[in-house]
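Please open the model in a viewer and keep the selection panel at hand. The stops below are given in the order in which they may be selected.

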Amino acid sequence: MKTAYIHSDLYASYNLGPRHPLQQARLIDICETLHNQGAFDENLVLVEPSPCKESDLLSVHDAEYIQIVKRASQGETGIQLSRYGLGPGDTPAFAGMWENGLLYCGGSLRCAELVADGTYKRAISFAGGLHHAHYDHASGFCILSDIAIAINTLKSNGYKRVLYVDIDVHHGDGVEALFRSDPNVLTLSFHESGAWLFPGTGNVQDRGVESAVDSVWNVPFAPNTGGDVWCSTVSDVTSHLMDRFLPDAIVLQLGADALAEDPLGHLVMTRSEWLQTVDTLLQMFRDKPVVILGGGGYCRAAVVDVWSRVALLAAGRPWQIGLELEQSLSTSDALEFHRSTMRYLHDQRGLPF
Ligand SMILES: [Zn+2]
């Protein structure tokens, strides 16, 4: 399966500070791991990103917010940054964030272009997937919505219906908000319930606005939910919505913070369970162009391991070697929460299981 891997070491200049949980230097480690394995060849092709244009950002974000990001990036003082979600705190402004923002958004845009013209079946940019970025403010470590730019690029290239699937442990609130009135973009987020975790949204009852009813799907889980429940739910719900929504293209956000090792989330997937689920999704999407993006993931060793394996499996290679196969188990509280979520989706949203 011909797959593009978009990477630049400059991705690591997304610098929220030395003690911040999000360290994009992990992306350099992944690329090195793949190099050391001799993974790049005619089926897994390393491609340099180029910066997107300011007009690409304007297709997604508020013009005033874009100017604020640019000015703060240049070190201008006197801006009330907190009005725009730019720290101090989760998402501090940093010098060079404008240039970096254009680059990581450009990487996701490039993914969409490469799969749209058929050059590649799949394209990966792990610097992207920043799903908490909103129309007019930053949030949750995310400044600009590369995901929305990728979705818009697919649409402008003739892919009418785009399915967005988000398996990050946090709700994909920014993407959902940007597309909730678009009937041709279905956003599907699997995450730890907002009752326990940032950003506090992503209720199972949310279904979109009247003009785009059923374009929003949320499947929240309780803390200590494991692969026994999560894996089959992710694949079964996605499969059902593939049949129902009939997308032309897919954008997949692969935040790796649902792993048991992650210090921020409270779900307990093993690496093998998580990867087997990604494998199942990619098999499900095999006839569609797929853009694969990153997201959260705060245990660096685990993220480097699973994302480098994602690159292998996207290119149709063996990726299971050296993975432990033990099964994690959900607690009884997590199972009870899950049963009530699925009962709702069955009764109110027409899920057949
Ligand atoms: Zn996350």
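Contact here means that heavy atoms lie within 4.5 Å. The model is a predicted one.

**Stop one: Arg207**

Select Arg207, which is found in the loop between β5 (185–192) and β6 (216–221). Leaving aside residues up to four places away in sequence, Arg207 touches Ala212, Val213, Asp214, Ser215, Val216, Gln348 and Arg349. Is Arg207 buried, partly exposed or exposed? Its relative accessibility is 28%, and buried means under 20% whereas exposed means over 50%, so Arg207 counts as partly exposed. Next, add Pro92 to the selection: 115 residues separate Pro92 from Arg207 along the chain, and their C-alpha atoms are separated by 32 Å.

**Stop two: helix α4**

Select residues 97–116, which form helix α4. This helix has 20 residues, and its first and last C-alpha atoms are 28 Å apart, close to the 28 Å expected at 1.5 Å a residue. Of its 20 residues, 17 are buried, so α4 is largely enclosed by the rest of the structure. Moving just past the end of α4, select Gly118, where phi is positive at about 85°.

**Stop three: α3 against α4**

Keep α4 displayed and add helix α3 (residues 63–73). The two axes are 7 Å apart and the helices pack at an angle of about 125°; α3 and α4 are therefore oblique to each other. Which residues meet here? From α3 come Ile66, Val69, Lys70, Ala72 and Ser73, and from α4 come Met97, Trp98 and Glu99. By class, this contact comprises five nonpolar, one polar and two charged residues.

**Stop four: α4 against α5**

Replace α3 with helix α5 (residues 146–156). The axes of α4 and α5 come within 8 Å and cross at roughly 25°, an angle under the 35 degrees used as the limit, and α4 and α5 are therefore roughly parallel to each other. The crossing of α4 past α5 is right-handed. On the α4 side, select Tyr104, Cys105, Ser108, Leu109, Ala112, Glu113, Val115 and Ala116; they meet Asp146, Ile149, Ala150, Thr153 and Leu154 of α5. The residues of this contact divide into nine nonpolar, two polar and two charged.

**Stop five: helix α9**

Finally, select residues 300–314, helix α9. Its 15 residues should span 21 Å at 1.5 Å a residue, and the end C-alpha atoms are indeed 21 Å apart. Because 13 of the 15 residues are buried, α9 is largely enclosed by the rest of the structure. Gly316 follows α9, with a positive phi near 80°.

Notes:
Residues are numbered from 1 along each chain as its sequence is written. This is a predicted model: local features need pLDDT of at least 70, side-chain atom pairs count only at pLDDT 80 or more; totals for chains, interfaces and linings use all residues. Side-chain values use heavy atoms; hydrogens and water are left out. Helices (H or I, at least four residues) and strands (E, at least two) are DSSP runs, numbered from the N terminus. The expected span of a helix is 1.5 Å times one less than its number of residues. Buried means under 20% relative accessible area, exposed over 50%, partly exposed in between (1.4 Å probe, protein chains only). Axes are lines fitted to C-alpha atoms, for helices over the stretch in contact, and angles run from 0 to 180 degrees between N-to-C directions. Angles under 35 degrees count as roughly parallel, over 145 as roughly antiparallel, 65 to 115 as roughly perpendicular and the rest as oblique. A crossing is left-handed if the near helix is turned anticlockwise from the far one by less than a right angle, and right-handed if clockwise. Ala, Val, Leu, Ile, Met, Phe, Trp, Tyr, Cys and Pro count as nonpolar, Asp, Glu, Lys and Arg as charged, and the others, Gly among them, as polar.
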